[in-house]
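Please open the structure in a viewer and follow the stops below in order. Each stop names a selection and then describes what is found there.

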Amino acid sequence: MSVHLRCVNPGALATVQDAGRMGYQRYGVPPSGAVDLFTFHIANALVGNDPDEAAIEFTLTGGSWTVEGGACRVAVAGAFPVALNGTTLPAFRALDLAPGDLLKIGVGAGAARGYLAVAGGFAIEPVLGSRATHVRSGLGGLDGKALAKGARLALRAPEVSDPPLALDPRLARHDPGALRVVPGPQDDYFDAAALHAFVAQPWRMHPQSDRMGLRLEGRPLQHKSGFNIVSDGIAPGSIQVPGNGLPIVLLADRQSTGGYPKIATVVSADLPRLGQLRPGDTVRFEAITVEAAETLAREAAGRMNLLRAALRPAGIV
Amino acid sequence: MAKNTSGGAQRAVAPVEFRILQAGDQAMSVEFGTTVDERINRLAQAFDRRLSAAAIEGVLEAVPTYRAVLVLYDPLRIRAADLRKRLAKLVPARLEEEVAARRWTIPVAYGGAHGIDLDAVAARHGLGAADVVALHAGAEYRVYMIGFAPGFAYLGGLPERLHTPRLESPRLAVPAGSVAIGGVQAAIMSVEIPSGWHMLGRTPEKLFDPRRSAPFLLAAGDRVRFDPVSPEDYARLEARVAQGEVVARLEAAP
């Protein structure tokens with residue numbers, strides 16, 4: 001009998017995600033993938049997986065999960081309370097589940113998304129080279145859908161031999177400062193006053209945000225001359241400003257093309273932080289040069305390497 | 001705006017103008033204009049082909065659109081300043097002869113339940129339904145870009161007599177396979193979507209089927225013609241498509 005992870009309760013939204021479906025944006029396919037790639041990579045590191053192995057991304061609350069047909073090793077990454085058969089445990093540590101064990105993941109403490117990784121990954125056929133779920137077009141994951149109560153995910157290689165690992169959660173915190181952006185590609189659709197207003201004010205996250213886009217509320221930005229452009233490609237972290245003047249930061253499930261001016265683009269090092277914003281949270285933007293963004297990207301890669309080196313055997317449960 | 005005037009030919013050929021716009025630290029847009037225009041679209045597609053052939057280390061993928069190519073790259077493998085120089089060198093000096101394109105003939109059942117707006121479009125232009133079908137199926141279209149949804153094809157080349165403003169209020173869902181017109185453009189819907197375009201007909205062909213070895217029927221730069229078929233033929237072709245067959249005809253490049 002093969003080993004399965006069964007969804008007892010998916011929480012607000014749980015989907016299978018990996019690092020994204022690359023190479024098909026020219027055919028109109030959104031990349032999808034984990035919104036917070038930083039925390040996603042930590043989840044995989046904790047169970048000894050390749051960094052981009054598919055894991056479960058959950059939203060606001062982590063739901064409950066059990067294992068059937070054998071044992072498996074799991075890890076939860078994200079600032080969420082974890083309980084194994086009613087016993088509270090810290091997140092950011094691998095756990096060995098026996099058949100019938102109940103893993104419960106509570107409501108995030110200031111976190112919006114967490115990742116549940118299983119050692120050896122899920123036995124799911126990739127679609128267009130990826131296991132990432134894009135619910136809107138029904139691609140990837142488990143039948144192209146969000147995980148529902150009773151969903152069963154077969155495990156590919158659940159056998160483990162090394163001791164389980166843990167990470168000091170303080171090392172996994174995101175930088176709390178302003179979100180860094182590079183202006184453009186359509187910053188010329190805004191005058192100096194609008195560009196200033198964009199970085200000068202705090203923006204509040206609207207509840208109608210999802211994996212496609214983060215809607216922001218604040219003082220609307222005025223376009224200089226119209227808000228329709230002939231559709232072009234959309235980069236990760238692109239901030240489009242539609243006719244109502246309220247910015248939308250485009251995330252993993254973004255459309256491949258769009259027709260609104262894009263005032264600025266969130267830098268790669270800060271993209272994972274977008275995945276942890278919750279409705280009502282406020283953010284500020286800070287404009288930097290692309291050269292400064294490249295330095296931040298190298299620092300972020302270096303930080304991930306330090307985190308891998310900081311993994312330690314977990315204590316006895 | 002940079003001008004690329006190298007390339008020798010002394011005939012009165014407009015130099016290729018382009019801009020390279022930074023889109024964060026993982027993408028830049030090589031833009032050839034700001035309008036829907038066949039010349040601009042041909043330049044973008046020519047650049048896309050050159051970019052693909054150049055296989056630049058660190059470039060991950062490219063998204064050719066109406067008027068630009070978005071180049072996605074890994075900032076840990078190539079710096080923006082270097083990539084910018086390399087991309088500028090790939091811009092064609094002038095609009096080149098086009099490479100042989102793939103030419104598709106796609107079956108369409110026009111009107112009735114398959115094309116609920118055919119009669120209204122005909123009435124609006126003072127034409128008969130058969131005239132609209134003859135005009136629409138008599139033209140050759142260019143795939144300007146694939147975008148919005150997986151496999152969704154934006155087509156240029158709609159005869160001027162059929163230019164039609166979009167619906168005042170979009171429909172919440174139009175079915176996959178809808179063959180539609182909106183403004184100066186034509187399109188084939190690949191998946192069920194909300195749309196304000198006019199539905200002239202429907203093709204049984206699937207523009208996107210992840211189970212096929214070639215999941216996407218069309219690519220930017222392909223040419224498309226429509227072949228009117230009866231509702232009975234539509235049903236027969238649809239049954240073959242359901243078996244995984246491709247019923248659109250592909251003409252080998254001359």
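## First stop: a helix across a sheet

In this predicted model, select helix 2 (residues 192-200) of chain A, which lies across strand 20 (262-266) and strand 22 of chain A and runs at about 130° to strand 22 of chain A. Next, display the sheet to which these strands belong: eight strands of chain A form an open sheet with mixed pairing, in the order 21-14-15-18-17-20-13-22. Strand 21 (282-283) and strand 22 (285-287) of chain A stand at the edges; each has a single partner strand, so one side of each is left without a neighbour in the sheet.

Which strand is joined to strand 21 of chain A by two bridges? Strand 14 (residues 203-205) of chain A is the partner, and the two strands run antiparallel. To see one of the pairs, select A:W203 together with A:V283, its bridge partner in strand 21 of chain A.

## Second stop: a loop residue in chain A

Now select A:T289, in the loop between strand 22 and helix 4 (290-309) of chain A. Is A:T289 buried or partly exposed? A:T289 has 13 other C-beta atoms within 10 Å and is therefore partly exposed. Add A:V181 to the selection: A:V181 and A:T289 are 108 residues apart in sequence, while their C-alpha atoms are 8.2 Å apart in space.

## Third stop: an enclosed helix

Move to helix 1 (residues 37-46) of chain A. Ten of the ten residues of this helix are buried, so helix 1 of chain A is largely enclosed by the rest of the structure. Among the buried residues to select are A:L37, A:F38, A:F40, A:H41 and A:N44. Just after this helix, A:G48 takes a positive phi of about 75°.

## Fourth stop: chain A as a whole

Select the whole of chain A, whose secondary structure comes to four helices and 23 strands. The C-alpha trace of chain A spans about 65 × 35 × 30 Å along its principal axes. The radius of gyration of chain A is 20 Å, which agrees with the value near 20 Å for a compact globule of 317 residues. Buried residues make up 53% of the chain. Of the contacts in chain A with a separation of 6 or more, 77% are between residues 24 or more positions apart.

## Fifth stop: where the chains meet

Display both chains and look at the side of chain B that touches chain A. Here 39 residues of chain B are in contact with 36 residues of chain A. Strand 2 (16-22), strand 3 (27-31), strand 4 (59-64), strand 5 (68-73) and strand 7 (141-146) of chain B each supply at least two residues of this side. Which strand of chain B gives the most to it? Strand 4 of chain B does, with five residues. Coloured by class, this side of chain B shows 26 nonpolar, nine polar and four charged residues.

## Sixth stop: chain B as a whole

Select chain B alone; it has five helices and 15 strands. The radius of gyration of chain B is 20 Å, close to the 18 Å that the globule rule gives for 254 residues, so chain B is as compact as a globular protein of that length. Its C-alpha trace spans about 55 × 40 × 40 Å along the principal axes. Buried residues account for 43% of chain B. Residues 24 or more positions apart provide 62% of the contacts in chain B with a separation of 6 or more.

## Seventh stop: helix 1 of chain B

Select residues 38-54 of chain B, which form helix 1 with 17 residues. From first C-alpha to last, this helix reaches 24 Å, close to the 24 Å expected at 1.5 Å a residue. Its buried residues include B:I40, B:L43, B:F47 and B:L51. Just after helix 1 of chain B comes B:A55, with a positive phi of about 45°.

## Last stop: a strand covered on both faces

Finally, select strand 11 (residues 185-188) of chain B. Its two faces are both covered: B:Q185 and B:A187 on one side, and B:A186 and B:I188 on the other, are all buried. In a regular strand, side chains alternate between the two faces of the sheet.

Strand 8 (residues 153-156) of chain B is joined to strand 11 of chain B by three bridges, and the two run antiparallel; B:A153 has B:I188 as its bridge partner. Strand 10 (residues 178-182) of chain B also runs antiparallel to strand 11 of chain B, with four bridges between them. One pair to display is B:I181 with B:A186. Strands 10 and 11 of chain B form a hairpin with two residues between them, and B:G183 in the turn has a positive phi of about 60°.

Technical notes:
Residues numbered from 1 in each chain as written. Chains lettered and ligands numbered in written order. Predicted model: local features only at pLDDT ≥ 70, side-chain atom pairs only at ≥ 80, totals over all residues. Expected span 1.5 Å × (residues − 1). Buried ≥ 20, exposed ≤ 12 C-beta atoms within 10 Å, placed from the backbone. Rg over C-alpha atoms; globule rule 2.2 N^0.38 Å. Contact = placed C-beta atoms within 7 Å. Nonpolar A, V, L, I, M, F, W, Y, C, P; charged D, E, K, R; others polar. Pairing = 2+ DSSP bridges. Axes fitted to C-alpha atoms, helices over the stretch in contact; angles between N-to-C directions.
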